[in-house]
Amino acid sequence: MLRLLALLLLLLCGPLVAHADDPLAELASGSFDTVRQGVEDLAQSGNPNAAKILSALQNGQLYYLPDHTLLIQADDGSYANAITGKAVSDDDAEARSVRINNSIRSVLDAALGSLRLFDPNPSVRLNAAGAVFDAHQPAAIPALDRALAKETDSAVKTRMQQARAAAVLSDPGAAQDARLAAVPVLRARGDEAARGVLASVADQPGPVGAAAKAAVASIDRVLQLWSLAQSVYYGISLGSVLLLAAAGLAITFGVMGVINMAHGEMVMLGAYTTFVVQQVMHAYVPSLYGGSLLVAIPMAFLVAGLIGVVIERSLIRWLYGRPLETLLATWGLSLVLQQVVRSLFGADNRNVTTPDWMSGATQLGGLTLTWNRTYIILFAFLVMAALMAALRYTPLGLRMRAVTQNRRMAAAMGIRTPWIDALTFGLGSGVAGIAGVALSQIDNVSPNLGQGYIIDSFMVVVFGGVGNLWGTTLGALTLGIVNKFLEPIAGAVLGKIVVLVLLILFVQRNPRGMFPLKGRAVEA
Amino acid sequence: MSQDETSLSRRGLGRLGVAAATLAAFGAVEAKTSEPAAAQPTGGTIKVGILHSLSGTMAISETTLKDVMLMLIEQQNAKGGLLGKKLEAVVVDPASNWPLFAEKARQLISVDKVAAVFGCWTSVSRKSVLPVFEELNNILFYPVQYEGQECSRNVFYTGAAPNQQAIPAVDYLRNESKVKRWVLAGTDYVYPRTTNQILEAYLKSLGVAQDDIMINYTPFGHSDWQNIVASIKNFGSAGKKTAVVSTINGDANVPFYKELGNQGIKATDIPVVAFSVGEEELAGIDTKPLIGHLAAWNYFESVETPQNRKFVATWKKFTKNPKRTTNDPMEAHYIGFNMWIKAVEKAGTTDPDAVIDAAIGVAVPNLSGGYAAMMPNHHITKPVLIGEIQGNGQFSIVSQTPGLVVAQEWSPYVADTKDLIGDWRAPMRCGAFNVKTGTCTAGKKV
Amino acid sequence: MKLDRAAILTIVLVFGAALVMAALNQMTPPASAMHVPTYVIALAGKYLCFAMLALAVDLVWGFAGILSLGHAAFFALGGYAMGMYLMRQIGDRGVYGNPNLPDFMVFLGWKQLPWYWHGFEWFGFAMLMVVLVPGVLAAVFGWLAFRSRVTGVYLSIITQALTYALLLAFFRNDMGFGGNNGMTDFKAILGFNIQADSTRSALLVISALFLCGQFLLARFVVGSRFGKILIAVRDTESRTRFLGYRPESYKLVVWVLSAVMAGIGGALYVPQVGIINPSEFAPGNSIEAVIWVAVGGRGTLVGAILGAILVNFGKTWFTSVLPELWLYALGAMFILVTLFLPRGVVGLFRRRSRLEPEPEVPAASAAQEVTG
């Protein structure tokens with residue numbers, strides 16, 4: 001009997017206690033579950049400070065003192081009372097941060113979304129509507145209705161309508177008509193997020209479930225079509241990475257005929273240059289940090305290019321005409337360079353950050369284009385165009401072509417062939433260094449970085465046809481796209497094996513690649 | 001066994017007049033007792049072997065473990081050494097080359113006469129040296145989480161077995177995030193294969209349908225994750241909460257997380273829980289887009305205990321680098337080394353046989369405020385911690401098992417091993433004892 | 001076939017040293033100053049197997065001008081064939097006590113032995129495969145490549161692609177070769193305990209025997225009429241073709257022979273190191289094998305053996321003495337040897353014989369000398 005009473009009391013008081021509690025005290029409780037409750041309560045409370053406190057919480061700047069006073073930490077590390085805004089000094093170092101986990105983060109996103117629907121800035125409202133969509137909670141409907149009534153920006157309005165549709169559809173208690181009306185709104189959105197909301201109600205009985213199921217099927221058909229285009233994009237993206245990695249080699253190996261096994265290490269040095277540039281800029285000119293990659297590109301070119309010139313003058317020039325021995329010496333060199341970097345920077349990965357303008361993705365119809373890869377694709381083509389232009393239109397390029405085509409004649413015309421050799425090798429190495437800047441954005445920056453690309457680079461150059469930059473470009477793109485179409489069918493490992501075997505067979509049929517050089521150079 | 005033939009040939013040699021060969025002819029027992037005699041410390045030092053790759057692909061992870069061992073040995077020497085003698089580290093570089101691991105192990109034991117070896121990271125390196133340790137009867141402390149299904153008398157496994165990492169992590173996601181759909185993504189090698197096999201059986205036993213489990217394997221060092229991440233996103237759009245359980249190894253993680261961040265998969269949408277991503281791996285990534293993704297380990301640098309604070313501070317001082325992080329395998333070496341010290345003190349000798357017997361039951365403090373005990377199956381008890389990635393490259397601990405978890409060296413989810421147990425105490429002394437048939441199938445110490 | 005002093009010396013040294021080491025290991029007590037520890041026996045056996053690989057590389061590179069950067073693939077394939085035999089020999093002594101399946105298959109939940117594993121329980125069949133698998137692969141690859149006149153650098157690069165493709169393939173657990181872990185924990189070979197000192201000593205002597213046999217065979221081949229034509233192909237392929245020979249046939253024969261030699265080396269390597277796994281296919285391994293030959297002296301055969309032993313001894317030594325710095329030493333060695341010892345260590349000691357290749361000095365570098 002007593003137990004029953006206690007249970008009754010608990011049942012009665014449980015919710016009462018939670019609701020009666022001050023949401024601010026809940027936030028300062030230190031328990032994940034209570035904090036989550038606090039976020040929900042605060043969002044509904046109409047407290048004018050709610051948005052401020054919740055965004056501080058989201059940014060990890062909300063602290064509390066042992067007496068449950070909430071503090072907000074400013075960027076400079078000073079504290080202010082979350083309610084009054086008065087500065088508080090934390091002399092005893094007692095302030096502890098309010099820790100959050102994923103479930104709090106979800107609730108927080110939804111709560112802040114609802115609060116920010118009325119923000120004066122349309123892009124904030126757009127993001128807020130997105131967050132409300134992600135949460136698709138029926139509780140947000142009143143706020144959405146109020147926001148929709150005031151909304152003037154058409155993009156934001158669409159997003160809010162979608163968010164409202166998602167919330168209505170997810171509410172089993174809503175009127176059937178309203179829910180049915182929500183289905184076409186979501187189908188019109190047509191992306192994976194909309195599909196997710198629809199699919200979550202698709203197995204409910206009744207007309208809503210049936211309509212959702214049909215909508216899911218129609219979205220799937222559209223997505224399927226887009227996925228084909230998406231694969232092409234992935235292929236081009238992979239191809240552009242291969243192209244960048246191989247571009248330098250197309251000069252040193254393709255044009256000069258030097259089998260440079262240390263090519264990958266030039267790429268690696270470029271990536272490490274990026275790291276150093278970022279560190280230096282972070283320390284001395286933090287305001288320009290966003291442009292660090294733009295600074296790193298010429299720096300990487302110079303560093304790798306200079307090292308290339310040094311290598312050519314000290315090592316490779318003694319080995320001209322002995323391609324296989326060059327291979328061995330440069331392999332030894334690659335071991336040494338790796339170990340140098342390992343000694344200088346340590347064996348573990350270095351953190352090269354991605355600037356904001358290269359993070360995230362944009363949506364183009366049903367295509368997801370990640371910014372870093374899109375920039376790398378553009379960059380790769382830019383590099384190739386610049387290389388071709390340099391070889392074709394500059395005096396240095398003219399001399400380079402002269403020397404590779406007929407060394408003696410070039411020398412007789414007064415061209416200092418040794419210097420041209422050094423500069424050509426420097427150019428190839430420099431381009432490899434630039435590739436390192438790009439690769440630092442998608443891969444590990446570690447001493448092993450270069451090794452992962454060396455075989456692929458040689459394949460690309462041989463496949464495209466040695467000495468032909470167009471061939472290299474097309475070769476890289478073909479390999480990238482073939483790889484990306486094989487991958488979903490055969491799996492990542494088998495796909496790569498199939499590509500390699502195809503490549504071996506191709507080279508055996510066409511030993512000089514897709515675009516063989518014609519003329520006397522062939523038998524040289 | 002083929003002992004008959006070999007001893008016959010040896011006896012033949014003995015007749016040639018070489019007395020020692022006849023002695024050796026009596027076989028394994030003789031051979032095994034003569035080796036440890038040689039392993040006794042000579043002079044004023046006790047040698048400790050460190051077998052971690054300092055070059056090649058694994059240097060990225062293993063170099064740190066070499067450094068932590070050097071630190072622990074230095075500390076122990078500052079405390080007066082062991083059995084009145086100084087410890088001396090013997091460092092070799094097996095260069096991420098698996099046969100070289102076996103060669104170096106043999107060298108450490110039979111040329112350098114080390115008393116114990118701390119080393120290996122990958123499963124294959126452990127498999128490569130295992131026969132050497134069993135043949136020459138020495139001790140290996142193996143500090144990395146691994147696939148289980150092994151229980152050698154000569155190895156002490158101070159890393160986690162699958163049940164000390166994977167299952168609590170899945171339970172956390174089920175209960176905390178209400179996950180209903182699972183992507184098991186891994187690198188194609190033994191550890192992910194086994195872990196996923198166990199997880200698949202476990203999830204099915206909880207009623208998860210086959211359609212709600214997606215398994216994907218990629219090669220080592222996979223760097224182009226575009227379509228795999230896209231297919232995860234697609235798999236996650238079925239209206240049920242989806243999570244990724246990642247056993248992706250080392251180098252492939254950085255591009256994987258970068259792609260996740262760029263394709264906008266947030267931890268609140270599709271959380272990723274990883275078993276091979278620790279503070280060291282995160283040091284190479286900008287973690288801001290990854291906040292909230294999870295990892296399950298038995299230790300995090302962010303553990304708030306006095307022991308850990310001291311350990312982290314000593315480590316930063318030892319490496320003279322305030323940015324060096326600590327991680328789970330380092331704690332495993334910390335525990336393993338202290339256990340070995342205790343076992344040697346208990347046995348009063350560094351003789352491997354005596355130390356192996358003395359080690360079982362030894363308990364030392366771990367860094368998360370509890371005790372790690374060496375169990376009869378040569379695995380240790382561990383707490384399981386779940387951490388969420390923070391913007392500063394550290395983990396915020398969001399869950400911790402209430403007690404310590406005992407390792408299951410033989411998985412109950414694999415048909416052939418569900419009846420096996422390992423127990424190296426007398427009188428059983430067996431690494432794989434079948435409780436159904438009552439026989440010892442492997443690893444019996446003669 | 002006449003043998004010069006160097007060749008006889010090589011055979012006597014290799015075989016004699018192996019025999020003496022094995023005998024000392026077996027007949028002297030461990031405490032004796034004369035005792036050769038098992039550690040050294042295992043190392044020496046490994047070096048001799050590498051020497052077989054180097055010999056195979058030298059045969060095609062030094063005498064037919066084919067620079068293979070994928071020879072370790074044949075070595076590893078031979079090793080895998082032996083490894084499969086050794087796995088079957090374990091029988092029910094495996095961890096799971098399954099008499100039919102190797103441990104790693106039980107582990108992955110396989111129910112029956114894949115078809116390509118059948119037959120490997122017989123030593124004879126396995127040994128046939130040691131020869132056949134690398135041989136057939138080399139024949140197919142070589143036939144395609146030489147017929148369409150893929151030469152020089154192009155050939156080198158597709159051999160790299162070949163070994164890389166095999167590396168990825170053997171990494172796959174679904175292939176049934178043990179994935180990344182490969183095969184290990186062998187128990188017995190032909191009924192002998194594989195860990196016993198006597199077995200190790202025997203394997204060392206057998207390795208020495210095979211190495212000497214291969215050396216003699218290679219000497220015979222390059223000294224014969226066939227070898228003369230091969231050298232002609234190496235020096236000017238087109239001229240040889242105009243004289244009415246079919247260079248592709250000559251290349252193919254020596255290529256297959258070389259692959260088989262490498263395969264046998266791999267087969268002997270596996271029981272001595274106790275593990276075979278896909279990293280043996282790593283492209284770097286093949287390049288290293290070429291470097292052993294370059295260090296010893298290309299086109300000398302003796303040099304290949306010497307180079308393999310020297311470099312590997314260096315590796316063993318440096319990795320323990322200078323664990324942090326050994327890559328510098330190794331890398332510097334490669335650079336210095338190619339720059340200053342184009343004819344390898346052997347070149348230091350003797351005049352050039354007619355069998356050796358000309359140092360490659362085509363027109364381009366001649367011009368370089370004129371202008372530079």
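Which residue of chain B forms a salt bridge with Arg105(A)? I looked this up before anything else, keeping in mind that the model is predicted, and I found that the partner is Glu388(B), with the closest N and O atoms 3.1 Å apart.

**Entry on chains A and B**

I then took the interface around that pair as a whole, and noted that 53 residues of chain A are in contact with 48 residues of chain B. Between them, chain A and chain B bury about 3800 Å², of which 42% is on carbon and sulfur atoms. When I asked which residues contribute to the area on the side of chain A, I found that Asn102(A), Glu192(A) and Tyr234(A) supply 15% of what chain A buries against chain B, more than any other three residues. I counted five salt bridges across the interface of chain A and chain B, and 21 residue pairs in polar contact, with both residues at pLDDT 80 or more. Sorted by class, the side of chain A that touches chain B holds 15 nonpolar, 23 polar and 15 charged residues.

**Entry on chains B and C**

I turned next to the other face of interest, where 51 residues from chain B and 49 residues from chain C make the contact. The area that chain B and chain C bury between them is about 4300 Å², with 56% of it on carbon and sulfur atoms. I found three salt bridges between chain B and chain C, and I noted for Arg200(C) and Glu135(B) that their side chains meet in a salt bridge, at 3.4 Å from N to O. The polar contacts between chain B and chain C come to 15 residue pairs, both residues being at pLDDT 80 or more. Several elements of chain B each supply at least two residues of the side that touches chain C, among them α1 (3–15), α6 (123–136), α8 (190–205) and β17 (439–442). I marked α5(B) separately, since it gives the most to that side of chain B, with ten residues. By class, I recorded 23 nonpolar, 15 polar and 13 charged residues on the side of chain B that touches chain C.

**Entry on the annotated spans**

I consulted the UniProt record, an unreviewed entry, which lists "transmembrane region" for stretches of chain A including residues 266–285 and 419–438. In the model, residues 266–285 of chain A are 95% helix and 0% strand, with end C-alpha atoms 27 Å apart, while residues 419–438 of chain A are 100% helix and 0% strand, with end C-alpha atoms 29 Å apart. For chain C, the UniProt record (again an unreviewed entry) gives the annotation to stretches including residues 153–171 and 325–349. I found residues 153–171 of chain C to be 100% helix and 0% strand, the end C-alpha atoms lying 27 Å apart, and residues 325–349 of chain C to be 84% helix and 0% strand, the end C-alpha atoms lying 30 Å apart.

**Entry on backbone details**

Where is the cis peptide bond that I noted in chain B? It joins Ala426(B) and Pro427(B), with omega about 0°, and Pro427(B) is found in the loop between β15 (420–423) and β16 (430–434) of chain B. I also noted Leu83(B), a residue other than glycine with a positive phi near 50°, placed in the loop between α4 (59–78) and β2 of chain B. Leu83(B) has 39% relative accessibility and therefore counts as partly exposed. In chain C, Leu190(C) has a positive phi of about 50° although it is not a glycine, and its place is in the loop between β2 (188–189) and β3 (192–193) of chain C. I recorded Leu190(C) as partly exposed because its relative accessible area is 49%.

Terms used
Residues numbered from 1 in each chain as written. Chains lettered and ligands numbered in written order. Predicted model: local features only at pLDDT ≥ 70, side-chain atom pairs only at ≥ 80, totals over all residues. Heavy atoms only, no water. Contact = heavy atoms within 4.5 Å. Buried area = accessible area lost by both parts, 1.4 Å probe. Salt bridge = Lys/Arg side-chain N within 4 Å of Asp/Glu carboxyl O. Polar contact = N/O pair within 3.5 Å; in protein donor to acceptor, adjacent residues only side chain to side chain. Helix = DSSP H or I, 4+ residues; strand = E, 2+ residues; numbered from the N terminus. Nonpolar A, V, L, I, M, F, W, Y, C, P; charged D, E, K, R; others polar. UniProt positions renumbered as here; feature names shortened; annotations may be inferred. Buried < 20%, exposed > 50% of the residue type's maximum accessible area, 1.4 Å probe, protein only.
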